[in-house]
Amino acid sequence: MADVKVLLLFVLAISLAIDCSVSYDRPKARNSIFVSLSDDLDSSSPQQVHISMVGEDKMRISWITEDSGTPATVQYGTTPGSYPFSANGETTSYKYILYKSEEIHNVVIGPLKPNTNYYYRCGPDSSPEFSFKTPPAGFPIKFAVIGDLGQTDWTTSTLDHIAKSNYDILLLPGDLSYADMVQPRWDSFGRLVEPLASQRPWMVTQGNHEIEKFPVVHTQPFTAYNARWLMPFEQSGSTSNLYYSFEVAGVHIIMLGSYTDFGPDSAQYNWLDTDLKKVDRTKTPWLVILLHAPWYNSNTAHQGELESYGMKSSMEDLLFEARVDIVFAGHVHAYERFTRLYKDNANNCGPVYITIGDGGNREGLASKYIDPQPKISLFREASFGHGEFDVVNATHAKWTWHRNDDDEAVVADTIWITNLASNSPCK
């Protein structure tokens, strides 16, 4: 145990040294937090419960237990305390240097009815009851959008605001826990988000803080992320948990991987090309993409990174030709909204680009912007907050960015977006 503590302190020191090497100044962040296991839970009790969509009418229930003998079983129904349905799944674990995870359970349940409350329990009959609401089958549908969430007092403020937003699905474009190789932080993050993530689907993609490679002793990237946050990649024909797509209520959403191969000869590029060609805009008139490293950015932070300009150079033509409506990114710890763009210029047939890496991470805000503000950048501000993408119907959606202002969610930026499938000049 002493060796493990020494190693974790060593890893933490390295990660903090990396964090301090950035070339721009950030305001002081709020205190980091660590959520410990509740004394009310025993070794077979489900913890870190979160759910994610699988296809049009199924849900994956994911949770962790200390006890290796706990069954990967979910009982569920539409009435509190009554569970006429059940499903079994699989149990896995992973190792990271000297750390071994506890038991990770994944069970897919369904078919489920849309816009319906379900009540469920994980594992043994003595487990507590959880509940979730399925997304609607059609418009309107509301997405909460937040990147670079982390585990600080700012994070809890952001989560409190999101909890009050009556959202249907949460979208997170990378940088979840900021564990940065210290694996117990992943456990803390799972406990922190459980109150929300057990009630609504959380659909995520990876960021740079999920890579967690360590020279010589752990060279495999994304070990914890892939084990703990399994997404429905196989259902969309992807071979990697790092990029996938799904459809819900008239919206086709593509989650891309900024930190896996993205060149024209890569598996991700070929998959994206195929996936975009399959999109039926009469069925899903909205086309949305999430990735971590922004392609457009007027903040001084994270300029000149291959994951941004290289991926943009490789894939921007695909997005433009497919008439993608909006691209959400994280990475830069601030908020910025651009006009519709293509090849660095305003273009009415290109996507709206939005950076929303302001969830509450421990590194603080990226407060310095390039001056003067580029004409293509319409709104930018270094504040923590979250976004809401409210798709009202097949042609119009409302986007709002909510600033965390003294712990109150203040609407600071609002626009109405008309999708490109309904824009005759762009068809």
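In this predicted model, strand β5 runs antiparallel to strand β8 (residues 103–109), and three bridges join the two. One pairing to look at is Glu-90, which sits across from Asn-106 in β8. Both strands belong to an open sheet of four, ordered β1-β2-β8-β5, with antiparallel pairing. At its edges are β1 (47–54) and β5 (90–92); each has a single partner strand, so one side of each goes without a neighbour in the sheet. Leaving direction aside, neighbouring strands here are turned by 20° against each other on average. The sheet also carries a helix: α3 (residues 184–197) packs on it, touching β1 and β2 (58–65). The direction of α3 makes about 60° with that of β1.

Turning to helix α5 (residues 267–278), a quick check on its length works out nicely. With 12 residues at 1.5 Å a residue, α5 should span 16 Å, and its end C-alpha atoms lie 17 Å apart, which agrees. Which residues of α5 are buried? They are Gln-268, Tyr-269, Trp-271, Leu-272, Asp-275 and Leu-276. Looking down the axis of α5, these buried residues fall within an arc of 160°, so they line one face of the helix. Lys-277 and Lys-278, on the other side of α5, are exposed. As for what the buried residues of α5 pack against, the list takes in three strands, β14 (244–248), β15 (251–255) and β16 (286–290), along with helix α6 (306–321).

Strand β20 (residues 352–356) is another story about burial. Five of its five residues are buried, so β20 is largely enclosed by the rest of the structure. In a regular strand, side chains alternate between the two faces of the sheet. In β20, Val-352, Ile-354 and Ile-356 point one way, while Tyr-353 and Thr-355 point the other way, and all of them are buried.

What about the strands that pair with β20? Strand β17 (residues 326–329) pairs with β20 in the parallel sense, over four bridges. Within that pairing, Val-327 stands opposite Tyr-353 of β20. Strand β18 (residues 335–342) also pairs with β20 over four bridges, but in the antiparallel sense. Here Glu-336 has Thr-355 of β20 as its bridge partner. Tyr-353 and Thr-355, the two residues of β20 that point the other way from Val-352, Ile-354 and Ile-356, thus turn up again in these pairings, Tyr-353 opposite Val-327 and Thr-355 with Glu-336.

Terms used: Residues numbered from 1 in each chain as written. Predicted model: local features only at pLDDT ≥ 70, side-chain atom pairs only at ≥ 80, totals over all residues. Heavy atoms only, no water. Buried < 20%, exposed > 50% of the residue type's maximum accessible area, 1.4 Å probe, protein only. Pairing = 2+ DSSP bridges. Expected span 1.5 Å × (residues − 1). Arc of directions from axis to C-beta. Contact = heavy atoms within 4.5 Å. Axes fitted to C-alpha atoms, helices over the stretch in contact; angles between N-to-C directions.
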